[in-house]
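Work through the exercises below with the model open. Try each task before reading its solution.

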Amino acid sequence: MHGGLGGAISITGGYAHDPLRVATSDGSQHLALVSSLATTTIGMAATYDRFRLHLDFGRPLANSGESGVIGAYQLTAPSNNPSNDPDTLADTRIGFDARLVGGPNDPFRLGAGVQLIVPSGDRGDYDTDGTYRAMGRLLFAGDVGRFAYAGQLGVHVRPLDDSPAPGSPQGSELLFGVAGGAKLPVGAAGKELVVVGPEIYGETAFHSFLTTTGTGLEALLSGRIEGTGEDGPQLRFKLGAGGGLNPHFGAPEWRAVFAIEVFDHAVHRVAH
């Protein structure tokens, strides 16, 4: 959001190992219900002045695991086959963000955003819970010299409030995350920028606030390279790898992600 009319399109892919493991309360039984998950997401955004409208379509590429019995629960691993169901989508997201305080490159920027999550896919494949959900987030970011940072604090409003697996989180969640990185100019003219640093993020269910079983916490070390020009189409590439600091219900043992984005924006200029 740089003041003029702009837009972006991105392709994001990732692989997660053991993103859904289930255990009995005493830890005597363990089951890798989803042991291997590969996904891709196509995202589109339109921006103007301080506002952004975006749309994301996700699709599972591979999704497998181990069926079994944990305590009193009979659990079935995902059975989807993307080659047989090429049009399968995970939940689609429609969002709107606004920058409330600060300019595009200021040391402190504050914004807010909302998202509507439209259910699609199959609950049996663990890529949806089959309900309409919403997210509201407070966003902050800034650039201070050669350092950039960003973060979020939000709420995931989830009407489904059941426990289909032992110890699983229920209902709505608190969302949180922070990231920071060093900005390093590269290239002969310094027109490209590499940003490298950590990201830490997670969620915790309100019904079991900040407990071990109700909180998933994850970290990535990521890097991106992007153009620094004011006008014209530009590319951004991102790579990241990391894993679960508290690997529980959605925080995998380890994860790798990549993204390619094309973005463009026009800058408002003042006539003299």
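**Exercise 1. A loop residue with unusual backbone**

Classify Asp49 as buried, partly exposed or exposed, then examine its phi.

Solution. Keep in mind that this is a predicted model. Start with the area: Asp49 has a relative accessible area of 30%. Buried means under 20% and exposed means over 50%. Asp49 is therefore partly exposed. Next, place the residue: Asp49 lies in the loop between strand 2 and strand 3. Last, the backbone: phi of Asp49 is near 55 degrees, a positive value, and the residue is not a glycine. Most residues other than glycine have a negative phi.

**Exercise 2. A positive phi in a strand**

Where is Asp18 found, and is Asp18 buried or exposed?

Solution. Asp18 is found in strand 1. Its relative accessible area is 11%. The cut-off for buried is under 20%, so Asp18 counts as buried. Now check phi. Asp18 is not a glycine, yet its phi is positive, about 55 degrees.

**Exercise 3. The neighbourhood of Arg52**

Find the strand that holds Arg52 and list what Arg52 touches beyond four places in sequence.

Solution. Arg52 is in strand 3, residues 51-64. With a relative accessible area of 27%, Arg52 is partly exposed. Leave out residues up to four places away in sequence. Arg52 then touches Met1, Ala45, Ala46, Thr47, Gly95, Phe96 and Asp97. Take Phe96 from that list. Arg52 and Phe96 are 44 residues apart in sequence, but their C-alpha atoms are 5.7 Å apart.

**Exercise 4. The largest nonpolar core**

Which residues make up the largest nonpolar core, and which strand gives the largest share?

Solution. List the members: Leu20, Val22, Leu31, Leu33, Val34, Ile70 and Leu75, 7 residues in all. Assign them to elements: strand 1 and strand 2 are the ones that give two or more residues. Strand 2 gives the largest share, 3 residues. Then follow one member, Leu33, outward. Not counting residues up to four places away, Leu33 touches the core members Leu20, Val22 and Leu75, among others. The contacts of Leu33 also include Ser64, Gly65, Glu66 and Tyr126.

**Exercise 5. Strand pairing**

How many bridges join strand 10 to strand 11, and how many join strand 11 to strand 12?

Solution. Take strand 10 (residues 173-186) and strand 11 (residues 192-205): 12 bridges join them, and they run antiparallel. Check one pair: Leu174 has Thr204 in strand 11 as its bridge partner. Move on to strand 12 (residues 215-227). Strand 11 pairs with strand 12 over 13 bridges, also antiparallel. Here Pro198 stands opposite Leu221 in strand 12.

**Exercise 6. A nonpolar surface patch**

Which strands each supply at least two residues of the nonpolar patch, and where does Phe258 fit?

Solution. The patch covers about 930 Å². Its residues are Ile9, Ile11, Ile42, Met44, Ile225, Leu235, Phe237, Leu239, Phe258, Ile260 and Val262. At least two residues each come from strand 1 (6-23), strand 2 (30-48), strand 13 (234-246) and strand 14 (254-265). Phe258 is in strand 14. At 40% relative accessibility, Phe258 is partly exposed. A patch residue needs over 30%. Beyond four places in sequence, Phe258 contacts Ile11, Thr12, Gly13, Lys238 and Leu239. Finally, compare separations: Phe258 and Gly14 are 244 residues apart in sequence and 6.3 Å apart in space, C-alpha to C-alpha.

Key
Residues numbered from 1 in each chain as written. Predicted model: local features only at pLDDT ≥ 70, side-chain atom pairs only at ≥ 80, totals over all residues. Heavy atoms only, no water. Patch = residues over 30% accessible without salt bridge, like charges linked within 9 Å, V, L, I, M, F, W, Y side chains within 5 Å. Areas by Shrake-Rupley, 256 points an atom, 1.4 Å probe, with all protein chains shown as cover. Salt bridge = Lys/Arg side-chain N within 4 Å of Asp/Glu carboxyl O. Buried < 20%, exposed > 50% of the residue type's maximum accessible area, 1.4 Å probe, protein only. Core = buried A, V, L, I, M, F, W, Y, C linked by side-chain atoms within 4.5 Å. Contact = heavy atoms within 4.5 Å. Pairing = 2+ DSSP bridges.
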